[in-house]
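Biologist: Can we go through this one together? I'd like to start broad and then look at side chains.

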Amino acid sequence: MPLSEHEQRLFEQIEQSLAEDPKFASAVRASDPRFHARRRLLVAVSVIIAGLALVVYGTVSKTPLLGVAGFVVMLGAAAFAMQSHRKGQSPDLHVVGGTTSRRTRGRRPSLVDRLEERWRQRPEGHR
């Protein structure tokens, strides 16, 4: 249902006042799950680099245990990065005054499903 002119003007005024408030913008950004996922991803990348440095140092100093530890650190950080990336791709939805629910991805229809849908939508004269 479209908004009346009065409602549209009110909506634009509210939007302008919210856009001018830097505290509100930072509060919204801080509560965005994608922001936190991006930050976790950057931390994971830095830990991967530190693990790589451990692997190189362990190899140069001929300490295999240190190299293995660096590899394990890299592996754990890579898993953490992949998890953070997934959370960033499908953020949780926050309902005002309610609970949090996860957005579900719709399953992609198969070829058979698409063909059945085309068959149902064909014109009546071609039966």
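Modeller: What follows goes from the overall fold to single contacts, and the model is a predicted one.

Biologist: Fine. How many helices and strands does the chain have?

Modeller: There are five helices and two strands. In sequence order the pattern runs α-α-α-α-β-β-α.

Biologist: What does the pLDDT average over the chain?

Modeller: The average is 79, and 78% of the residues reach at least 70. Residues 93-103 fall below 50, and that stretch has 15 contacts in the model beyond near neighbours in sequence.

Biologist: And how should I treat a stretch with low pLDDT?

Modeller: Predicted coordinates should not be read in detail where pLDDT is low.

Biologist: What share of the residues is buried?

Modeller: Buried residues account for 9% of the 127 in the chain. The exposed area comes to about 10900 Å², with 63% of it supplied by carbon and sulfur atoms.

Biologist: What about contacts between residues far apart in sequence? How many of them join residues at least 24 apart?

Modeller: Taking contacts between residues at least 6 apart in sequence, 40% join residues at least 24 apart.

Biologist: Switching to charges. How many salt bridges turn up in the whole structure?

Modeller: A search of the whole structure gives two. One pairs Glu116 with Arg120, where the closest N and O atoms are 3.6 Å apart. The other joins the side chains of Glu117 and Arg120, at 2.8 Å from N to O.

Biologist: Arg120 comes up in each. Which residues make up the network, then?

Modeller: Glu116, Glu117 and Arg120 are linked in a network of salt bridges.

Biologist: Where do the partners sit relative to each other in helix 5?

Modeller: Helix 5 covers residues 111-120, and Glu116 and Arg120 are about one helical turn apart because they are four residues apart in that helix. Glu117 and Arg120 are three residues apart in helix 5, so about one helical turn separates them too.

Biologist: And the general reason such side chains pair up?

Modeller: Side chains of opposite charge can pair when their charged atoms come close.

Biologist: Is Arg120 buried or exposed?

Modeller: Arg120 is exposed, at a relative accessible area of 52%. Glu116 has 40% relative accessibility, so it counts as partly exposed. Glu117 is also partly exposed, at 34%.

Biologist: Now Arg122. Where is that one?

Modeller: Arg122 lies in the segment after helix 5. Its relative accessible area is 18%, so it is buried; the cut-off for that is under 20%.

Biologist: Which backbone oxygen does its side chain reach?

Modeller: The Arg122 side chain reaches the backbone oxygen of Trp119, at 2.5 Å.

Biologist: Last topic, the nonpolar surface. Which residues make the patch?

Modeller: Val43, Val47, Leu54 and Val73 make a nonpolar surface patch of about 260 Å².

Biologist: Which helix gives the most to that patch?

Modeller: Helix 3, residues 33-60, gives the most, with three residues. Val47 is found in helix 3.

Biologist: Is Val47 buried or partly exposed?

Modeller: Val47 is at 33% relative accessibility, so it counts as partly exposed.

Terms used
Residues are numbered from 1 along each chain as its sequence is written. This is a predicted model: local features need pLDDT of at least 70, side-chain atom pairs count only at pLDDT 80 or more; totals for chains, interfaces and linings use all residues. Side-chain values use heavy atoms; hydrogens and water are left out. A salt bridge is a side-chain nitrogen of Lys or Arg within 4 Å of a carboxyl oxygen of Asp or Glu. Buried means under 20% relative accessible area, exposed over 50%, partly exposed in between (1.4 Å probe, protein chains only). Patches are made of residues with over 30% relative accessible area and no salt bridge: like charges are joined within 9 Å, nonpolar side chains (Val, Leu, Ile, Met, Phe, Trp, Tyr) within 5 Å. Accessible areas come from the Shrake-Rupley method with a 1.4 Å probe; for residues, only the protein chains shown count as cover. A polar contact is a pair of N or O atoms within 3.5 Å; within protein, one must be able to donate a hydrogen and the other to accept it, and residues adjacent in sequence count only if both atoms are side-chain atoms. pLDDT is the predictor's confidence in each residue, from 0 to 100. Contact means heavy atoms within 4.5 Å.
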